[in-house]
Amino acid sequence: MKSQDIRKQYLEFFESKKHSIVPSAPMVIKNDPTLMFTNAGMNQFKEFFLGNGIPKNTRLTDSQKCLRVSGKHNDLEEVGMDTYHHTMFEMLGNWSFGDYFKKEAIEWAWELLTDVLKIDKDILYVSVFEGAEDDGLGLDQEAYDLWKAIVPEDRIIMGNKKDNFWEMGEQGPCGPCSEIHVDIRSDEEKAKVPGRDLINMDHPQVVEIWNLVFMQFNRKADGSLEKLPEQHVDTGMGFERLCMVLQNVKSNYDTDVFTPLIREIETITNSVYDKDSLPTNNDGKVSVAIRVIADHLRAVAFSIADGQLPSNNGAGYVIRRILRRAIRYGFTFLDTKEAFIYKLVDTLSAQLGDAFPELKTQKNLIINVIKEEENSFLRTLEKGLVRLDTIISEIKNDTVSGEKAFELYDTFGFPIDLTALVLSEKGYKLDEVGFDAELQKQKDRSRSAAKVSAGDWQTLIANNDETFIGYDNLTAEVKLTRYRKVESKKDGELFQLVFNQTPFYPEGGGQVGDKGYLEAPNGDVIYIIDTKKENNLIIHITKNLPKNIEGTFTAVVDQKQRTRSSANHSATHLLHQALRSVLGTHVEQKGSMVHSGSLRFDFSHFSKVTTDELQEIEDFINARIREKLPLEENRNNTYDNAISEGAIALFGEKYGDTVRSIKFGKSMELCGGIHVPNTADIWHLKITSESAVASGIRRIEAITNDAAKQYFATQSEAFNEVKTLLKNTKDPIKAITSLQNENSELKKQIEQLLKEKAGNLKGELTNQFTNINGTQFLATTVDLDAQGIKDLCFDLGKNLTNAFIIFGSATNGKALLSCYISKELVIEKDLNAGKVVRELGKHIQGGGGGQAFFATAGGKNPDGIAKALDEAKNYL
């Protein structure tokens, strides 16, 4: 059975059980501060489990794109080493929100696997939660009895808290689970060891394929459990593992989910994939590399398609790390020294594009970004190899310290296992213990800075109907419905407040959250420093808790910041329209950031935007501003109707059945953010920069409103100052051009004078060399710039053999040392100018380097030049 048919059959089965089929949410999560990536099928439904929202249908099913590479669920290092771990995978799921519970979940799971998909009952095992004394929980008797009616008791495994109690996190909904495991070993192997003895023992052919989670409890901050008001079902089945079973193969990588990619990798890299090889031998390492590349390509491609580009921080850093791991495996084990992974995108798109259309619509972007990242990292690897050679040349024994290896890893992005491999080939060792210690220090620092401790929500009013009224109001009378305390090393102690209604816009859609204050009837004021949305709750962040938490307060949004940020947000819509008008309809928004002071807009485009195009874009926007276009807003539009009306939906965003459309003239987009009532309120837009973000992605930064006014005021002031300096000339441009020409002529004259000065010095210095052990030595100060000193060194050196020259120079409070060593000395006496200036540079409180025969060092202590010159002779 083909994988696309398996996916279809699963969804249709649960559709027959009155489940609504919903699309996969984006794999990249944009508006959840607790999670960067969707790592389980239930992520998009968290608000329903937490009771912060009510689903339209209490039964849902889907196939969700998931990524597990960080945090609690991290499978990255296992990927490629075995047959069943992945970074990106599909999770087939069915959910019940306060509807059916254990009986239906268990019976339907068995019916699908054995009756519909025809999996042999004799290769299946099930597990139930055995209980946990620390939580005061006993055996999940209900689940046990349900399974006992279906399977023989020797097929039911008792599972501990680690394996059979699922938790959303340290706090929140949780409950016992029943896992279904499959044993696909040969009959001979089964005769030797029963399958039940290998459950959860990391055997590659005795694996879990489906987890049925029964949400019954809420884990509180103190670790205790309380019963949820409603019981839920959350199931997840590994699509790739299910395909392995139904296609009668022994590895996920042998299914048609991966084989097209593996064949393409073999063709491109001229390598051979051996599905039975072990990662301990050289052939095995080739196969591991092919598995890593096939898996990681999927993760990276889906992430880019969902709007997350590789970068140096956050989710972007995770994606870059995954891609670089794939590149490095190709570099090391497939001998690929040129970019090639991007060539696999066509195969992936053809294979999965029907199930996930974003792979087709974003294919060119995915190809361009991966290709650029590959080329960039391959250059990094080359630089890292050069740096590693330098490190090796400086060590005094046969071991590279963990500190140096960590510097190479952390600063240069050079993989540690590649460092170990290169050292081994050259006959050197790596201090792995020291490296691990440095890495652990960094992890501890990161964890300490990022760790947030959250208390339980204290509920004052049972109200799940929190209303956002910020589109029409900047103030409101509010009551506190719940609050909690959170602590972190970065921010200290803060409070999160939730109200029955709020005018505060929570951060989202690229727009920053509102700030403002909360005023009590007695005049006490609590400042709201940020507003965010988490699990469908609008959270107001404060440094203090109101004294009378049960009182009525006046919530007031900072009007100035709101006005500025809304002007910038509306300007991004006009900018999007302008880009598509000027550059072409291929332009798509790839991200934005709207602050009160400025805006940033990322978009797809194949080349740098020219100065003339930028001016045309700016003129287009300001023309729309002058037209005073009114805001046309539909808060209760349907998605399909909005799209048919011409609205632009942003890629990587998840839209519900009801959407809000924003229209200014011919600009129409789906957007939940805050906007100005009229384009005239933007005042004016000024583009401040245009740059590249990644291959095929450009970024424009701009300002509007008060920031634009300040910009023009500053420019005017600067212009007036320039005119004053130019003695109020009527034509400043002509005057500046004249000064530039004059300056250029003077520079030429100075260069000529310095050449003549160096020529005179050459004659004087030729007679100052002294012979030290057969070496012509000269150490003195000269009054020349760096280039003049270099020219003088080479002029003197070309007429001498065995020359060792070191010059010192001081200019504007800065010190410079330059060292020239004849090539004969470099070879015969193992002298190195780079090492010399690095050591002597300590006297001038600086450092430097260069080649073995010429190097320079700069420093901030001219007084140390004399000491440095005096010590130079010690090298001879």
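Which residue is the bridge partner of Lys663 in strand 28? In this predicted model, the partner of Lys663 is Met668. A second bridge joins the two strands at Ser661, which is matched with Leu670 in strand 28. In total, strand 27, made of residues 658-664, and strand 28 pair over 4 bridges in the antiparallel sense. The two strands form a hairpin with 2 residues between them. One residue of the turn, Gly665, has a positive phi of about 60 degrees.

The side chains of strand 28 can be sorted by direction. Ser667 and Glu669 point one way, while Met668 and Leu670 point the other way. Are these four residues buried or exposed? All of them are buried.

The hairpin belongs to an open sheet of 3 strands in the order 26-27-28, and the pairing is antiparallel. Strand 26 (632-638) and strand 28 (667-670) are at the edges; each has a single partner strand, so one side of each lacks a neighbour in the sheet. From one strand to the next, the twist averages 20 degrees. Helix 17 lies across strand 27 and strand 28, and its direction is at about 115 degrees to strand 28.

Helix 17 also leads to another part of the chain. Helix 17 (559-582), strand 29 (685-694) and strand 30 (697-704) are among the elements that cover the buried residues of helix 18. Those buried residues are Leu614, Ile617, Glu618, Phe620, Ile621, Asn622, Ala623, Arg624 and Ile625. The length of helix 18 can be checked against its residue count. Helix 18 has 16 residues, 611-626, and at 1.5 Å a residue these should span 22 Å; the end C-alpha atoms are 22 Å apart, so the expected and modelled values agree. Just after helix 18, Lys628 takes a positive phi of about 55 degrees.

Strand 29 and strand 30 are part of a second sheet to consider. This open sheet has 4 strands in the order 24-25-30-29, with antiparallel pairing. Strand 24 (589-594) and strand 29 are its edge strands, each pairing on one side only. Neighbouring strands are turned against each other by 15 degrees on average, direction ignored. Within the sheet, strand 25, residues 599-604, pairs with strand 30 over 6 bridges in the antiparallel sense. Arg600 stands opposite Glu701 of strand 30. Helix 18 packs on this sheet, where it touches strand 29 and strand 30, and its direction makes about 135 degrees with that of strand 29.

The next step is the nonpolar interior. In soluble globular proteins, nonpolar side chains tend to be buried together. The largest nonpolar core here has 119 residues, and the members that touch the most other members are Leu113, Trp147, Trp210, Ile341 and Ile370. Helix 9, residues 282-305, gives the largest share of this core, with 14 residues. A second, separate core has 27 residues, including Ala578, Ile617, Ile621 and Ile700. Ile617 and Ile621 are also among the buried residues of helix 18.

Which residues does Trp210 touch, not counting residues up to four places away in sequence? Its contacts are Tyr10, Phe14, Asn94, Ala109, Leu112, Leu113, Ser178, Glu179, Ile180, Thr235, Gly236 and Met237. Leu112 is also touched by Phe13, a residue of helix 1 (residues 3-16). Why does Phe13 count as buried? Its relative accessibility is 7%, and the cut-off for buried is under 20%. With residues up to four places away in sequence left out, Phe13 touches Trp108, Glu111, Leu112 and Val116. For a sense of distance, Phe13 and Asp431 are 418 residues apart in sequence and 56 Å apart in space, C-alpha to C-alpha.

The whole protein gives the setting for these parts. The protein has 25 helices and 36 strands. Its C-alpha atoms fill a box of roughly 105 × 75 × 55 Å along the principal axes. Of its 876 residues, 50% count as buried. The exposed area is about 41700 Å², and carbon and sulfur atoms supply 47% of it. Among contacts with a separation of 6 or more, 67% come from residues 24 or more positions apart.

Technical notes. Residues numbered from 1 in each chain as written. Predicted model: local features only at pLDDT ≥ 70, side-chain atom pairs only at ≥ 80, totals over all residues. Heavy atoms only, no water. Expected span 1.5 Å × (residues − 1). Buried < 20%, exposed > 50% of the residue type's maximum accessible area, 1.4 Å probe, protein only. Contact = heavy atoms within 4.5 Å. Pairing = 2+ DSSP bridges. Axes fitted to C-alpha atoms, helices over the stretch in contact; angles between N-to-C directions. Areas by Shrake-Rupley, 256 points an atom, 1.4 Å probe, with all protein chains shown as cover. Core = buried A, V, L, I, M, F, W, Y, C linked by side-chain atoms within 4.5 Å.
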